[in-house]
Structure formats: structure tokens, C-alpha cells
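Let's take a look at how this chain packs and pairs. Here is the structure to follow along with.

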Amino acid sequence: MERLRHDDPPRLGPYLTLARLDADSTDGGAVPERRYLARTADGERTVLLCAPLPDAAAPAAWAMEAELASRLSVPRFLRPASQGSEAGLPWYAVPYSPVLPLPAALAAHGGPLPEDLVRRLGAALAAGLAAAHARGQAHAGVSPAAVLIGAAGPLLGCFGAVRSAAPGGPPGLDPGCLAPELRSGGRPEPLGDVFALGAVLAYAASGHTVPEQSELPPGLRRLVASCLARDPADRPSAPQMLHALSTTGPAQTPAPAPAPTATVLDELAAPPLPGRVVAALAAQSAELLASELPAARPARPAPQKVH
């Protein structure tokens, strides 16, 4: 949890903003939208509340992507439960459960995550991407900050950040996650998501989206390199990534694998998290529970008629 800043909205729809989810941008921590922890005025509902950046080129396009995400039922994709607009600023809300953006998880852990955990997180995200790609839908917003780590496993937020951006790339999206074809103005496609997933794996394992090969664990080097191939045709598909990440031992260049079934997706258990990450999640929950709602402004007295 981070303190609100002077330019943060005190309220969006029925929700009072209590804190920011994200710290100021760091390597891998740039976020293409604003994310808050918020609560209804009666204190009954606590949510993760998202809104476009103040300098977003097309808030209406952001709202359209949120609407599309609310209609998708894809494993590991953050799904808006309610939407609205406040003074022209669109927003969407998701019921709250303790989550840390991937950069915050690395900060809590004190550095890059263990290789086994990186592989498990990557497999869960690859499963979600594979399900979306099977429907002809690209996520178009995969980045370290889009990955939210919780006790139930990772979720992908920031849906459609590339599609809703102005030409030149979305503000707040780590440039290391933008595939070459997207940097040159191409349309978001599933293999662009795979490029971004490779950058996320690199970040989780090294702390950088564009690391040196020597910074990566040997078992992930070839796999990450295949995702980051400049030519999309040289990248594995999301199902191939799922197959490779689910295989124990040194990673090989992914071989063709069938698309995952619902059974495979259902059986991907949440990976065990390091103790410091669990402690950070617990601390966030405790701090949020102890947060007091902003004091309401006192009502102005009715004007008195002077006789």
C-alpha cells in the first residue's frame, strides 16, 4: 500500500480511495493505469479500483477494453466486476483480495524469485494466455506490473493497454515488454503476448525485463530467448510455453504441444510463495483493515432567513 497523492481522486463511483496499490515507477514497475485500494462509504465492500492514467490519450478506449475484459471468462485474467465513470474519468472495480504487483513481490522478497517459482508463475500465466488466444483474443498488456501475485496464484491485469494507447506505445508500459512489431505500429497479436511473457519471466528471475543472459538461471535462458525472438514466427505459442514451463529440469526450446484443456487449467495449483512475500500480503491486508475511511465533509448549515 502506498499513500495517495494530491492528484489522486478521493472518490470514484461509490468507492472512496484509501491507498495506491503501486509504488512510484521503478525498473519493471511502470503501470499503464492507476490502481487503488478502495471501500464503499458504508465500509461494506473493499475493492481493487482501476482508472486510466491522468495523461491517457484515450480514456474511452481504456473503458472499452475494461468492458471487453468484463465479458471474458479467462483463467488468470483480472475480470472487472463493476464499471462506471466519475466526472469523465472511467473506472472499474474488482473485489479485493491481498495482491502484490510482481515488482512489489520482488521488493518484499529482497531480489529475484527462485527459478522454480518463476516457472510455476509463468506456467499459470501461459495457461491463461493460451485460453485467450484459443478464442482469438490477445491480452495486449502483459508486463511485470500487470502480474498480481496472491495466495491463489497470479492474475493478469492491465488488459488491452497496447490497444487503448496512442501511437508510439502506451504510457507506463515497460518498453522491454513491447514486441518489435508493436513498437513499429503493428496490431497486437498472441505472439506479442508471448514476447511480453518472456520479458516477465526475465524480470521475475533477474529483476530486469532486458537482462544479460548471465543474469538468468541456466534453466530459463533458452526459453526466455525463444520468447524474445524478434521475428514472431520464431517464438513459441502460449500452449508450447505452458508445456515447457510445466516440465521439470533444464528448459529446452519448446516443442509443439496441444492447446491446454479446461482440465489442465483447473489442475494448475497456486505456487507456494516465499515467506517474505506471504508476510507482505498479510501486512497489506492488516493495514487495509485498519484504514479509516476519509472523514466526510460537514454539511453546510442551511442559510437563515433574516427578517
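## Strand E3 and the cores

Glu33, Arg35, Leu37 and Arg39 point one way from strand E3, while Arg34, Tyr36, Ala38 and Thr40 point the other way, and all are buried. Here buried means under 20% relative accessible area, exposed over 50% and partly exposed in between, with a 1.4 Å probe and protein chains only. Strands (E, at least two residues) and helices (H or I, at least four) are DSSP runs, numbered from the N terminus.

This is a predicted model: local features need pLDDT of at least 70 and side-chain atom pairs count only at pLDDT 80 or more, but totals for chains, interfaces and linings use all residues. Residues are numbered from 1 along each chain as its sequence is written, and side-chain values use heavy atoms, with hydrogens and water left out.

E3 has a partner strand in E2 and another in E4; strands pair if DSSP finds at least two bridges between them.

| Strand paired with E3 | Sense | Bridges | Partner of Tyr36 |
|---|---|---|---|
| E2 (residues 15–20) | antiparallel | 5 bridges | Arg20 |
| E4 (residues 46–52) | antiparallel | 7 bridges | Leu49 |

E3 and E4 make a hairpin with 5 residues between them, and Gly43 in the turn has a positive phi of about 75°.

Now for the cores. A nonpolar core is a set of buried Ala, Val, Leu, Ile, Met, Phe, Trp, Tyr and Cys residues joined through side-chain atoms within 4.5 Å. The largest has 53 residues, and Leu102, Leu113, Leu156 and Met241 have the most contacts inside it. Its largest share, 11 residues, comes from H3. A second, separate core of 14 residues includes Leu21, Leu48, Cys50 and Tyr92.
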